[in-house]
Amino acid sequence: MRESAKSILLATAGLVSGLVNGLLGAGGGIIAVYALDGLLGGQLKDRRDAFSNALAVMLPLSVVSAAEYSLRGAGPGEKLGILVIPAVLGGLLGGILLYRIKARWLRLLFSAVVVWSGVSMLTG
């Protein structure tokens, strides 16, 4: 595939990731991982790079989505700190463990989270 076509597809995936994240508050990272792996898989050193690059995309995306939610009055609840501090620590631990766990196990974990999330949304 030509580089210009890949760039257009990546930009489209970025737009869709942002749209999904903004609408649902989550899910944009899944799209980003699949797009990065599918379009740049051969250029990445390791498949885990798709996870780390998707995370780099999701940080500013999540900040923008959260700011928009706040502007519309859906600001953080009183107990947000109880979730945020452990989540930041979990993110740090995940970043440390990313390259210590085999990529195959990470793909299985990622797939399990996607399936669990889908089933939970349909049954909840």
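1. Let's start with the bend in H3. In this predicted model, helix H3 has a kink of about 25° at Met-58, and the proline Pro-60 follows shortly after that point. If you have the structure open, Met-58 is a good residue to click on, since Met-58 also appears among the buried residues of H3 and among the residues closest to the centre of the largest pocket.

2. How far does H3 reach from its first C-alpha to its last? The helix has 24 residues and covers 35 Å, close to the 34 Å expected at 1.5 Å a residue. Just after H3, Gly-73 takes a positive phi of about 90°.

3. Now for the buried side of H3. Arg-48, Asp-49, Ala-50, Phe-51, Ala-54, Met-58, Leu-61 and Ser-65 are buried there. Which helices do the buried residues of H3 pack against? Their partners are H1, H2 and H5.

4. Two residues of H3 deserve a closer look. Ala-50, which lies in this helix, is buried because its relative accessible area is 1%, where the cut-off for buried is under 20%. Leaving out residues up to four places away in sequence, Ala-50 touches Val-33, Leu-36, Asp-37 and Leu-44. Of these, Val-33, Leu-36 and Asp-37 are listed among the buried residues of H2. The C-alpha atoms of Ala-50 and Ala-32 are 8.0 Å apart, with their positions 18 residues apart along the chain.

5. The second one is Ser-65, also in H3. Is Ser-65 buried or exposed? With a relative accessible area of 11%, Ser-65 is buried. Residues up to four places away in sequence aside, Ser-65 touches Asn-21 and Gly-22.

6. That takes us to Asn-21, whose place is in helix H1. Asn-21 counts as buried because its relative accessibility is 5%. Which residues are in contact with Asn-21, beyond its neighbours within four places in sequence? They are Ala-26, Gly-27, Gly-28, Met-58, Leu-61, Ser-62, Ser-65 and Tyr-69. So Met-58, the site of the kink, is one of the contacts of Asn-21, as is Ser-65 from the previous point.

7. H2 has a buried side too. Its 13 residues should span 18 Å at 1.5 Å a residue, and the end C-alpha atoms are 17 Å apart, which agrees. The buried residues of H2 are Gly-28, Gly-29, Ala-32, Val-33, Ala-35, Leu-36, Asp-37, Leu-39 and Leu-40, and they pack against H1, H3 and H5.

8. For contrast, look at Gln-43 in the loop between H2 and H3. Gln-43 counts as partly exposed, because its relative accessibility is 48%. Not counting residues up to four places away in sequence, Gln-43 touches Glu-3 and Lys-6.

9. Next, the largest pocket, which holds about 1600 Å³ of space. Of the 41 residues that line this pocket, Gly-29, Leu-55, Met-58, Phe-110 and Val-113 are the closest to its centre. Gly-29 is one of the buried residues of H2.

10. Which helices supply at least two residues each to the lining of the largest pocket? They are H1 (3–24), H2 (28–40), H3 (48–71), H4 (80–97) and H5 (103–123). H4 gives the most, with 10 residues. By class, the lining has 27 nonpolar and 14 polar residues and no charged ones.

11. Finally, the whole chain. The chain has 5 helices and 0 strands, and from the N terminus on its elements run α-α-α-α-α. Along the principal axes, the C-alpha atoms fill a box of roughly 45 × 35 × 30 Å. Of the 124 residues in the chain, 23% are buried. Among contacts with a separation of 6 or more, 61% join residues 24 or more positions apart.

Definitions and conventions
Residues are numbered from 1 along each chain as its sequence is written. This is a predicted model: local features need pLDDT of at least 70, side-chain atom pairs count only at pLDDT 80 or more; totals for chains, interfaces and linings use all residues. Side-chain values use heavy atoms; hydrogens and water are left out. On a 1 Å grid over the protein atoms alone, a cavity is a set of points where a 1.4 Å probe fits but cannot get out, and a pocket is an open set with protein on both sides within 12 Å along at least five of seven lines; lining residues have an atom within 4 Å of a point. Grid points are joined across faces, edges and corners, and a volume is the space filled by probe spheres set on the points. Helices (H or I, at least four residues) and strands (E, at least two) are DSSP runs, numbered from the N terminus. Ala, Val, Leu, Ile, Met, Phe, Trp, Tyr, Cys and Pro count as nonpolar, Asp, Glu, Lys and Arg as charged, and the others, Gly among them, as polar. The expected span of a helix is 1.5 Å times one less than its number of residues. The bend at a residue is the angle between axes fitted to the seven residues ending there and the seven starting there. Buried means under 20% relative accessible area, exposed over 50%, partly exposed in between (1.4 Å probe, protein chains only). Contact means heavy atoms within 4.5 Å.
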